[in-house]
Structure formats: structure tokens, C-alpha cells
Amino acid sequence: MKLLGLLMASTLLTAPAGLAAADGADSGVAASAASQADRPWMNTALSPDERARLAVEAMTLDEQISLMRTQIGFGLLSLGIPLPDSVPETMRKHTPEGALGSAGFIAAMPRLGLPAIQMTDASLGVGNLGGFLRRGDEATALPSSLALAGSFNTDLARQAGRVVGAEAHAKGFNVQLAGGVNLTREPRNGRNFEYAGEDPLLAGLIIGETIAGIQDEHVVSTSKHYALNSQETGRFVYDARIDEGALRESDLLAFEIAHDRGQPGAVMCAYNRINGVYGCESPFLLNQVLKAEWKYPGWVMSDWGAVHSLKSSLDGGLDQESPQDDPYFDTLKTEVEAGRIPASRVAESARRILRSLFAVGAVDDPAAPGGTIDKDAHAAVAEQIALQGMVLLKNEGGMLPLAATARKIVVIGGFADRGVIAGGGGSSQVMPYGGSFRDTRGREGVAALLTPVYGLDSPLKALQARRPDADIQFDDGSDPARAAALARMADVAIVFATRPEEEGLDAENLLFPHGQDDLIAAVAAANPRTIAVLETGNPTAMPWLSRVGAVLQAWYPGQRGGQAIARLLTGDAAPSGRLPMTFPASVQQLPRPEIPGFDPAMRTPLGLGKPVEPFNLDMNEGSDVGYRWFERTDAKPMFAFGYGLTYTTFDYRRPSFHGGDGLTAEVTLINTGSRAGIEVAQLYAAPPGRTHRLVGWARVELQPGESRRVTISADPRLLASWDTEAKGWRRAGGRFDAYIGRSAEQVEGRAQVRIGATADVPRTLGGVR
């Protein structure tokens, strides 16, 4: 059993208050060392590469190896209670001296002036799994990465990263296990809420900016999980099968764009195999693509428990083994001294690790607990992500925003009286400021602790505060007949539906659990002026869609999700989000209608329980992920990628397209409605014989009656295809079909554009605003 799973099992225990306190003895080490002449690597005038080289030359073999072996950042013996026999020796220890209580730790090297490496999970904020690693330690809970991607706002993504980085630094952490780039190939994947959707350009840019924002605050960010960790079912054992060209044009392209934009200090390789080879010992992925072709200067760390060898991992390109109960790197010194592993290979990994720490400023401005955190400013960023990422899917008859004449309103279900889902379950859990609770729904023990966390920001209370003129009542939705009777007497009924998603668990289907679909149907039958607010980490089926008047996709809305929902419902703000993933009409439209390896009886927290036998995961969709698969199969989704409504209307006029040595498009956008709004004009293009792909977009805010001429340029790689024989990008010459639209389906201007052939495809990003 992997260490991560054992760590999760230990969440039944409670950490002592003292675990949150850090030994700050090394916090000033780097600063004092900078002035010492015998430590030339502390000279900030030198490049990160030179500083790392000098530091490694001064290190002993033991010191170099210590950088390659991460310890778990807490120990269960510190709890002072008996431990069950199932707990491995790795965790039968006291918390390492100087560790803060987190996912990973490497001790400081005072002799060299190097601070400790303190790692914590970070996709949606500074993680504190179950709240037990550091009791009482709260952080800003950002909305899900799907909400951030739904904003189509790269500037906002940079701000989100800075929030995470600043709080990590203030809490003493200098490595954030953030940067989830995996594309949505499986819309039932329990971890999609940590990622940024199905399109490589959108995911790459959004996550790349998030990474850059974290590192702006002198904290290393990873990118993960490299690569093709597309489902949680069998994540330890499946073999993702895909041809090289398709891989290059989809998931690897998303990582490449994220790296170009964010320059992550570390890359976390995935549990699964890719074409027969484990991700953490793949020479193709790690040495050839990442380090040689992309000239990646940082280090590769394993996921927790993802290492299966020593020599094969080192030969494959792995630099650091993360904690696991069967560590292979324990024998590294013996192998080096015996001459079976070159000492130069150890020095290379140590250099890469230190290079990243120097590059982001983690050595010169070391993180230390007790720093100042601007909670209000960070909460405001979380609220903006929620506001800009929520997607208005339906608004029949202009039901939203709520009319002033709607005086009797009933709010139903979804724990709306208490709060909203602040984040999904698993290692990314953030304990939000202000407190939280969990929807256990009868679950006990570990299963209950791993469920998504609800932040105490009640949409009901926020709505009541914004509409003091209205009689707003609440029903918990446990009895659909009672809720329907209450709705029948109201001007408007607002039903909140929640669908928890968790690391290690894929969903059996796209329905809402606990009879919530029946609840929405019953309320809508009683009152056609019903609004559904959906808190989910994935697409859902909506068998009641034709009966309700409006649908707001809220994702997991984070720290101020209740406030954001109330602002959108009342019209204080207007929805501007667009879908970062396709909502299928049914699972039969998917490349794999049934999840390979899935067994409902084996749905246990983090994939624990009965072992899954190894199996092949054949990715027959290739690079046609998401909306491109729907185009390829001529299937009509429920809602298309890029789709979203707002409270005004826009016209697209005089579209024009220009080819030659690239592709640009122009269009005049006009706000033809009565209030300000944001339009996301999307440019799609198809190389000859291929499906259309998003190649650029423009996010434009316009006042009523205002118009603006916008230009969108295509990212050059998205006009090209991977030439496996030539080992590079190649753009076929000929006529490309291009269109500007409101989504992957809503075309507002189209043309055939002649573009020249070339094998010189630059790694530059197109005009995304």
C-alpha cells in the first residue's frame, strides 16, 4: 500500500497543537550566510545555475543525497498515543526536527546556509489535509481550478498564484505541490476540480500563470501529474496507451505551454505507466522531452509512492524520491560507493534542486512561520475567481438576475444555510478561514474526513443580506414533497445541489447523489420559476433541465463562494465564466462510456481497498480531447466547451481572417444590451484534415452600447501537428478552416484561410488577452 494511502488512513488521529509550531532556528541562516566570503553561492549577482554549481561542489555526497530523499513532514509518535500495527515505520516516528507538519520535508544545511525544504499541497490554497497536520492552521480556500479556467482570465490566474505563494511563504513553506495540468479526458475523474479543463491552450496558460504567481512570492511550484493521470480508478496500475503525436498535441502540449509561461521549479511525475513505462522512470518523458527538448532546468520529483526502482528511475530522469513506505533511494549511497551509479548523477540532481531554490528566491528570502497574511485581500481574490468563473448555463425569460418583484423566495438544499463547498476531497484540502464543516452523509472514519470541505460562507445569509425587502425562507431539501410545497407558494425557488468529488474516487455516473435530481425535478414541477445552483467539480447530467428557468454552474466556489453566488443572483455582478470542459448529453458520447477498471465496490478513499489489477487505458481519442472528440464523432453535447451566458447581449460584426505565415482574426464586438458585461471571443482553427482546436481568445469588457475591434493571434503550435519521423512540429500548408465564436459550437464568423507550410514552428504564445 502506498504511503499516501497510509497517510490518509491516519487522519483518524488528531495532531497536537504544538505540531504547527516550527523550529525557526534556520530561518535566518541564508541571510546571514550571504555575507560570508566562504560561501560564494550566496552571491546574488551570480546566475541560479552558477550558484547551484558552486553549492553542489562544496557539498558532501551525504548532503547531495539528502536533497534527493524527501521525508514525510510529520510523525505519528508526536501524537503520544498508541499506533495500530498497520502504520509503517516511515510514519512511526516523531515529527522531524524543524518540520512544520506537512507532505514533505528535507532538513536545513546550516553549514551551507541552505534552509529546510518544506513542502505542502497547494492546488487550491495552502493545504492542511483534514485539518490534522497543523491543528488550527487555516488558509484562503480558492475556488476550484475549473472556476479559474472558466474565467479565461490569465491575469486573475497570476493573482491566484500569488495568494497561494504569499500564504505559503508566511507559513514557512517554500515548495508548493501545485500546478495541476492534466487534461479532462474523463469527466467523471474525481480530481478534475484540481485541473483546468480539457483544452491544452487554456489549461497551459491558466496553470502556467498560477505557477508563475506562486514563484513570484519566492516559493517553488511544481507542475503535475506528468503525464496522463486522467482518471483516479487504477491510478497506481493502469498503462495509458497513446501514440506519440497525439500525446505531443494534447497533454504534453498543455505542460509545455504551462512551462513556457510559468517556469515551474519542479515537475511531479505521475503514478501510472505511459506506453508501458512508469511515469517516474520514463526516459522519453523525463530525459528526452522535458530535459533535452524543453531544456527544463529544474528537478523532477515523484508523486508520493510513485517510485518503483532506483537505477531505472535515475536513468529515466527522476531527481527526487518523495516519501513512501518502500523507499528505493535508501540504498543510493551504497550504489554510488560501489560504482554502480555515478556520483555525477547524484550531483546533477542536487544541482537541479538547488538551482530552482535559488531561481525563485527561496534561499535569499527564506520562508518562515509567523509572516503577515492579508486575509481580506486574499479573500477578495477568491471572490473574484468565483464571480468570473461561475457559468450561467440557462436563463429562460431573463429569470436572472432576480427581479425586484420577487419578494417571496425559498432557498432549498445544498447546505446553503451553512456554506458552500470550499474544495474537493483528498490531499488538496484547505481549511478555510472562518471555519468549515463536512457533508458526511452517513460516512464515517477516514471516508468522512476525506470528503470535500464546506466553508462557512452561507449563500442563504448572503442573499438575505442583499435582499432585506424579501421574505427568504430555507428548506434543507431532505423531503422533496415538503420542499415542493414550499416552492409552490414562492415567487422564486432556488435549489442548491452539491456533488462532492475526491482524490482516489471516480464517479459512477454524472447524476447528483442523495436524490438531489429528484429534488430539483419536484421543486421545478411545483414552480417553473426555479433556479438551480450547482456546486460540482465535474459536468453533471441534468434530467430536469427543461423544467427549470435558470442554471448557474458554481463549481466549488471557495472562501467567499456564498457572497459570490448572492451577488450573481441579485445582479450586483454579472456572470462572465465560460465552460472549460464539455458537458456531455450522456456518458455514451464519451470515448469510454464505462470507466476502465471501475468497480463501484472498490470506491474507497484515495483508491484504497481491494487492489486493482493492472490494465491498459487505451486513449482512442488521441489528441481529440473533449470538444474535439465531439466534433470528430458529430455528437451534440448538452453544453459545449466555451459556452456561457451573461446579463447582456453582444453582436459580432465584420469578422476577418488573415493567413500567410500564421493566423490572426479580427472582429468588432458590440454590447447591444442595457448593462455592462464581458464577452470571451474564441478563435478556433483546423489544419487540413484535422479537427478544430482553440488557438486564441479575447476577453473583453464592454459598457452598454460600447464597441471594440479586437485582434486574436493563434499560438503557432496549435496550427501545427507533431511530425513523429522528423521529431518536431510541422505546419502543413494549405487551407485552414477558421472561425470566431462564442463557444466551440456557436460560430459568429468563418473563413477558409491559406497558411504556408513550415517546419520552423516557434515556441511562442499567441495573442490571448
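Here are six short exercises on this structure, which is a predicted model, each with a worked solution.

## Exercise 1: Reading a six-stranded sheet

Find the order of the strands in the open sheet of six strands, and work out which strands stand at its edges.

**Solution.**

Step 1. Write down the strand order: β1-β2-β3-β4-β6-β9, with mixed pairing.

Step 2. Look at the two ends of that order. β1 (104-106) and β9 (299-302) each have a single partner strand, so one side of each lacks a neighbour in the sheet. These are the edge strands.

Step 3. Add the twist: from one strand to the next, it averages 25°.

Step 4. Zoom in on one pair. Strand β3 (residues 175-177) and strand β4 (residues 220-226) run parallel and are joined by two bridges. If you start from Q176, its bridge partner in β4 is S221.

Step 5. See what lies against the sheet. Helix α10 (residues 283-293) packs on it and touches β4, β6 (266-269) and β9. The direction of α10 makes about 135° with that of β4.

## Exercise 2: The disulfide

Which two cysteines does the disulfide join, and what is its handedness?

**Solution.**

Step 1. Recall the chemistry: a disulfide is a covalent bond between the sulfur atoms of two cysteines.

Step 2. Count: this structure holds one disulfide.

Step 3. Name the partners. C269 is joined to C280, with 2.1 Å from S to S. That fits the cut-off of 2.5 Å for a pair of cysteine sulfur atoms.

Step 4. Use the torsion. About the S-S bond of C269 and C280 it is about 110°, so the disulfide is right-handed.

Step 5. Place both ends on the chain. C269 belongs to strand β6, while C280 is in the loop between β8 (277-278) and α10, and the two are eleven residues apart.

## Exercise 3: Two helix pairs

Describe how α17 packs with α18, then do the same for α6 and α14.

**Solution.**

Step 1. Start with helix α17 (residues 480-488) and helix α18 (residues 516-526). Their axes are 8 Å apart and the packing angle is about 30°.

Step 2. Classify the angle. Angles under 35 degrees count as roughly parallel, and α17 and α18 are therefore roughly parallel to each other. Their crossing is right-handed.

Step 3. List the residues in contact. α17 brings P480, A483, A484, A487 and R488, and α18 brings L519, A522, V523 and A526.

Step 4. Sort them by class: eight residues are nonpolar, none is polar and one is charged.

Step 5. Move to helix α6 (residues 154-171) and helix α14 (residues 375-389). Here the angle is about 145° and the axes lie 10 Å apart. α6 and α14 make a left-handed crossing.

Step 6. List this contact too. From α6 come L156, Q159, A160, V163, A166 and E167; from α14 come H378, V381, Q384, I385 and Q388. By class, there are six nonpolar, four polar and one charged residues.

## Exercise 4: A hairpin

How many residues form the link in the hairpin that joins β27 to β28?

**Solution.**

Step 1. Locate the strands: β27 covers residues 734-741 and β28 covers residues 747-755.

Step 2. Check the pairing, which is antiparallel over eight bridges. Y739, for example, stands opposite R750 in β28.

Step 3. Follow the chain from β27 to β28: the hairpin connects them through five residues.

## Exercise 5: A three-stranded sheet

Which strands stand at the edges of the open sheet of three strands?

**Solution.**

Step 1. Read the order, β12-β14-β13, with antiparallel pairing.

Step 2. Check the ends. β12 (420-423) and β13 (436-438) have a single partner strand each, so one side of each is without a neighbour in the sheet. Both are edge strands.

Step 3. Note the twist, which averages 50° from one strand to the next.

Step 4. Inspect a pair. Three bridges join β12 to strand β14 (residues 453-455), and V420 has G455 as its bridge partner in β14.

## Exercise 6: Backbone exceptions

Where are the cis peptide bonds from Y226 to A227 and between L400 and P401, and what is the phi of H514?

**Solution.**

Step 1. Begin with the usual case: most residues other than glycine have a negative phi, and most peptide bonds are trans.

Step 2. Take the bond from Y226 to A227, which is cis with omega near 5°. A227 sits in the loop between β4 and β5 (239-241).

Step 3. Turn to L400 and P401, joined by a cis peptide bond with omega of about 0°. P401 is in the loop between β10 (391-395) and β11 (408-412).

Step 4. Finish with H514, a residue other than glycine whose phi is positive, near 60°. You will find H514 in the loop between β16 (492-499) and α18.

Conventions
Residues numbered from 1 in each chain as written. Predicted model: local features only at pLDDT ≥ 70, side-chain atom pairs only at ≥ 80, totals over all residues. Heavy atoms only, no water. Pairing = 2+ DSSP bridges. Helix = DSSP H or I, 4+ residues; strand = E, 2+ residues; numbered from the N terminus. Axes fitted to C-alpha atoms, helices over the stretch in contact; angles between N-to-C directions. Contact = heavy atoms within 4.5 Å. Parallel < 35°, antiparallel > 145°, perpendicular 65-115°, else oblique. Left-handed = near helix turned anticlockwise from the far one by under 90°. Nonpolar A, V, L, I, M, F, W, Y, C, P; charged D, E, K, R; others polar.
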